[in-house]
Amino acid sequence: PFWSGSETVKANPLAKESFARARQLVLNGKYGEATDLIESSMLGTWGQSYQPIGFLQISHAPGGPVSNDHYWRRQGLEYGNYTRELSLENALEAVEYTFQGDDYKHEYFVSHPARVFAAKIGTATGKRNLNMSFESETRHQIRAAGDKLLVTGRAPDHVEPEYTYEKPSVVYYAEELSNSIRFAALVRILDTDGTIIEDPRRIGVRGASYAVLVVAIRTNYTGYRKERSTDISVVINQCESDVSALENTSFDNLMNAHIEDYHSLYNRASLDIQPAVVPDLTTGERMSMAGRVQDPSLPALALQYSRYLLISSSRPGTQAANLQGIWNPVIRPPWSSNYTTNINVQMNYWPAEVLNLSDCHLPMCDFVREVGDSGKWVADHYYGKKGWSSAHNVDLWRSANPAGGLASWAFWPLGGGWLCQHLW
């Protein structure tokens with residue numbers, strides 16, 4: 001995922017002069033008048049949105065003239081015996097199902113040391129055809145060559161929150177006027193026992209019992225208030241370097257390196273609460289019975305899940321974990337998938353120190369430092385004060401000013417104090 005927008009500084013020109021009047025109205029007990037004044041003269045603009053770069057699509061079908069699974073769906077042939085599992089212990093996902101008499105297993109993980117998403121698609125019996133494409137709802141270009149599929153594009157210059165009615169809700173400036181984030185995504189078939197085929201917009205294999213693919217994604221974002229180049233070739237070369245480094249690496253070795261890295265954090269703490277009375281039910285079924293059935297091991301599972309989420313989304317040198325975080329699937333996510341500093345971003349980091357994940361807390365500390373810097377501007381332009389202040393919505397660009405909406409939640413200058421508790 002990446003963020004819409006770019007570094008922009010906007011202040012409500014009436015905010016500073018209205019602050020003293022609003023405060024006096026509050027001191028005089030005229031809360032309704034103070035609210036009206038704040039909402040008309042002291043609120044700001046919406047921040048930007050966190051959104052997915054795109055989606056990897058994999059389709060398959062038995063050999064023959066028809067090479068996609070949509071044909072088989074039209075014949076009423078669906079998948080059976082479908083199961084999906086996330087291993088919190090190893091940060092691995094597996095999907096298994098039966099289709100046309102063959103048993104399939106897909107294995108996925110994201111490797112922090114290798115900086116790639118890796119997948120192995122396999123069937124225990126028969127030879128299959130696989131098509132791989134990459135779809136994006138952002139402006140993008142796709143080209144395929146050999147065993148590689150390259151996608152390049154850029155983020156919107158502005159995205160309205162999903163609860164507003166402003167149109168257009170997704171805005172792009174002309175290429176030469178835009179400083180929004182550029183990206184490249186490189187999909188490569190790393191290993192297969194089939195024959196690699198291509199067309200201009202996708203890659204695939206024919207007659208394969210397995211295929212291993214990796215996806216490297218890079219953007220041109222270089223850091224808070226740091227200049228970045230719009231030359232997309234720089235980002236493409238970074239993806240190429242990530243993928244080329246895996247030239248002679250097997251899927252198992254890639255997976256083992258991922259697990260070793262993940263264990264260095266995950267194995268620092270464990271919790272076991274007995275008895276596990278419903279271990280054979282799915283997590284969804286266990287959740288649906290919470291409060292009605294004694295299941296003391298479910299809170300232990302939830303605690304370990306929180307650690308998996310933090311380890312997977314907050315490492316030294318990355319951005320801090322935000323709302324839906326790296327799992328957000330939509331361009332206009334709820335609450336813009338931003339940093340909500342009146343509780344949500346703090347909640348993400350409550351497990352960090354007490355569960356021995358101080359390393360994962362460092363992106364939050366970097367976040368506080370950067371918001372503290374941008375918050376000096378907010379304190380001056382909105383309140384005429386020294387120090388710094390953050391309202392309840394912050395984005396990648398560290399726009400700490402009050403957002404739009406209602407004063408009851410948008411005019412909340414206390415985010416900085418709460419964020420500093422993490423440093424304390």
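Here are two short exercises on this structure, each with a worked solution.

We're working with a predicted model, where local features need pLDDT of at least 70 and side-chain atom pairs count only at pLDDT 80 or more, while totals for chains, interfaces and linings use all residues. Residues are numbered from 1 along each chain as its sequence is written, and side-chain values use heavy atoms, with hydrogens and water left out.

**Exercise 1.** Find out how many disulfides the whole structure has, and why C365 is not in one.

*Solution.*
Step 1: Recall that a disulfide is a covalent bond between the sulfur atoms of two cysteines. Here, the test is a pair of cysteine sulfur atoms within 2.5 Å.
Step 2: Search the whole structure, and you get zero disulfides.
Step 3: Check C365. Its closest cysteine sulfur sits in C420, 10 Å away, so that's too far for a bond.
Step 4: Now look at how open the two cysteines are. C365 has 23% relative accessibility and C420 has 30%. Both C365 and C420 count as partly exposed (buried means under 20% relative accessible area, exposed over 50%, partly exposed in between, with a 1.4 Å probe and protein chains only).

**Exercise 2.** Work out what share of the protein chain is buried, and which share of its contacts joins residues at least 24 apart.

*Solution.*
Step 1: Use the cut-off for buried on the 424 residues of the protein chain, and 47% pass.
Step 2: Take contacts (heavy atoms within 4.5 Å) between residues at least 6 apart in sequence; 66% of them join residues at least 24 apart.
Step 3: For overall size, the C-alpha trace spans about 80 × 60 × 40 Å along its principal axes.
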